[in-house]
Amino acid sequence: MTIKPLVLLPDPILRETSRPVERFDEQLRTFADDMLATMYDAPGIGLAAIQVGEPLRMLVIDVSEKDEEPAPMVVINPQIVASTDQRNVHEEGCLSIPDYYAEVERPASVTVNYFDLDGKQQTVEADGLLATCLQHEIDHLNGVLFIDYLSKLKRDMVVRKFRKLAKDRPPARMVG
């Protein structure tokens, strides 16, 4: 397994729409393993392929507690097919926007159709942290960042800060 460098704001790839995964093969399995290794190393609870520079509709998640057995999910070509009107607010952060957190309101529960690594259709009904994490990572696949849910003033401040940080670091993408 290879730990991949994370793409950081303001890299424009984060605003791209990811393309569907079409081949379910050994290369995809290896990439999923690399994404999980990268997510755990960061450490984080979710990672979209675009965050390691691959515009594929694929994400990994593990919302298990530190004292629990890891429960990684590999989610390919996800689609939110239902969401509740009830809303939840969670404090969110992002591996591509390190050390910045903000409260975001999203649907409290969602139903997501996706494919697993074997190309089999799956459905997950999620609430709580899993629902928030799925929505956050699916947003990444559509070029949306959690800061897009903030006021324009707050979002502009974050983007300005990260543009300045980007000028101060080497041009290569860095591991977060």
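**Entry 1: helix α3**

I began with α3 and looked up its buried residues, which are Val-158, Val-159 and Phe-162. Looking down the axis of α3, I find the buried residues within an arc of 95 degrees, so they line one face of the helix. A note to myself before going on: this is a predicted model.

What do the buried residues of α3 pack against? I find β5, residues 97-107, on that side.

Next I turned to the face of α3 that points away from its buried side, and there I list the exposed residues Lys-152, Leu-153, Arg-160, Lys-164, Lys-167 and Asp-168.

Then I checked the length of α3. The helix runs over residues 152-168, and its 17 residues should span 24 Å at 1.5 Å a residue; the end C-alpha atoms are 24 Å apart, which agrees.

Two names from the exposed face came up again when I looked at charges. Lys-164 and Asp-168 join their side chains in a salt bridge, 3.5 Å from N to O. Both residues sit in α3, 4 residues apart, about one turn of the helix. I noted the accessibilities too: Lys-164 counts as exposed at 55%, and Asp-168 counts as exposed at 57%.

**Entry 2: helix α2**

Is α2 enclosed or open to the outside? I count 12 of its 14 residues as buried, so α2 is largely enclosed by the rest of the structure. Among the buried ones I wrote down Leu-130, Cys-133, Leu-134, His-136, Ile-138, Asp-139 and Leu-141.

The length of α2 looks fine to me: from first C-alpha to last the helix reaches 21 Å, close to the 20 Å expected at 1.5 Å a residue. After α2 comes Gly-143, and I see that its phi is positive, near 75 degrees.

**Entry 3: the nonpolar cores**

I went looking for the residues at the heart of the contacts. The largest nonpolar core has 33 residues, and those touching the most other members are Leu-9, Ile-97, Tyr-100, Leu-134, Phe-146 and Ile-147. Which elements each supply at least two residues of this core? My list reads β2 (58-61), β3 (73-83), β5, β6 (109-115), β7 (121-127), α2 (128-141) and α3. The largest share, 6 residues, comes from α2.

I also found another core lying apart from this one, with 19 residues, including Leu-36, Leu-47, Val-60 and Ile-76.

Phe-146 deserved its own line in the notebook. Leaving out residues up to four places away in sequence, I find it touching Glu-92, Gly-93, Cys-94, Ile-97, Tyr-100, Tyr-101, Ala-102, Val-104, Arg-106 and His-136.

**Entry 4: aromatic pairs**

How many aromatic pairs are there? I get 2.

One is Phe-24 with Phe-115, a tilted pair at 6.1 Å centre to centre and 55 degrees between the planes. This pair links distant parts of the chain, with Phe-24 in the segment before α1 and Phe-115 in strand β6, 91 residues apart. For exposure I noted that Phe-24 is partly exposed, with a relative accessible area of 30%, and that Phe-115 is partly exposed at 25%.

I then looked at Tyr-100 and Phe-146, also a tilted pair, with 6.2 Å between the centres and 35 degrees between the planes. Here too distant parts of the chain are linked: Tyr-100 is in strand β5 and Phe-146 in the loop between α2 and α3, 46 residues apart. Tyr-100 and Phe-146 are both buried.

**Entry 5: salt bridges**

Searching the whole structure, I find 9 salt bridges.

I spent some time on Asp-118 and Arg-29, whose closest N and O atoms are 2.4 Å apart. Asp-118 lies in the loop between β6 and β7 and Arg-29 in helix α1 (residues 26-41), so the pair ties together parts that are 89 residues apart in sequence. Asp-118 counts as partly exposed at 47% relative accessibility, and Arg-29 counts as partly exposed at 29%.

Another salt bridge joins the side chains of Asp-25 and Arg-23, at 3.1 Å from N to O. Arg-23 is exposed, with a relative accessible area of 61%.

Last, I found a network of salt bridges that links Glu-92, Arg-106 and Asp-139. I had met these names earlier: Glu-92 and Arg-106 are among the residues that Phe-146 touches, and Asp-139 is one of the buried residues of α2.

Notes
Residues numbered from 1 in each chain as written. Predicted model: local features only at pLDDT ≥ 70, side-chain atom pairs only at ≥ 80, totals over all residues. Heavy atoms only, no water. Expected span 1.5 Å × (residues − 1). Buried < 20%, exposed > 50% of the residue type's maximum accessible area, 1.4 Å probe, protein only. Arc of directions from axis to C-beta. Contact = heavy atoms within 4.5 Å. Core = buried A, V, L, I, M, F, W, Y, C linked by side-chain atoms within 4.5 Å. Salt bridge = Lys/Arg side-chain N within 4 Å of Asp/Glu carboxyl O. Phe/Tyr/Trp six-rings, centres within 6.5 Å; stacked < 30°, edge-to-face > 60°.
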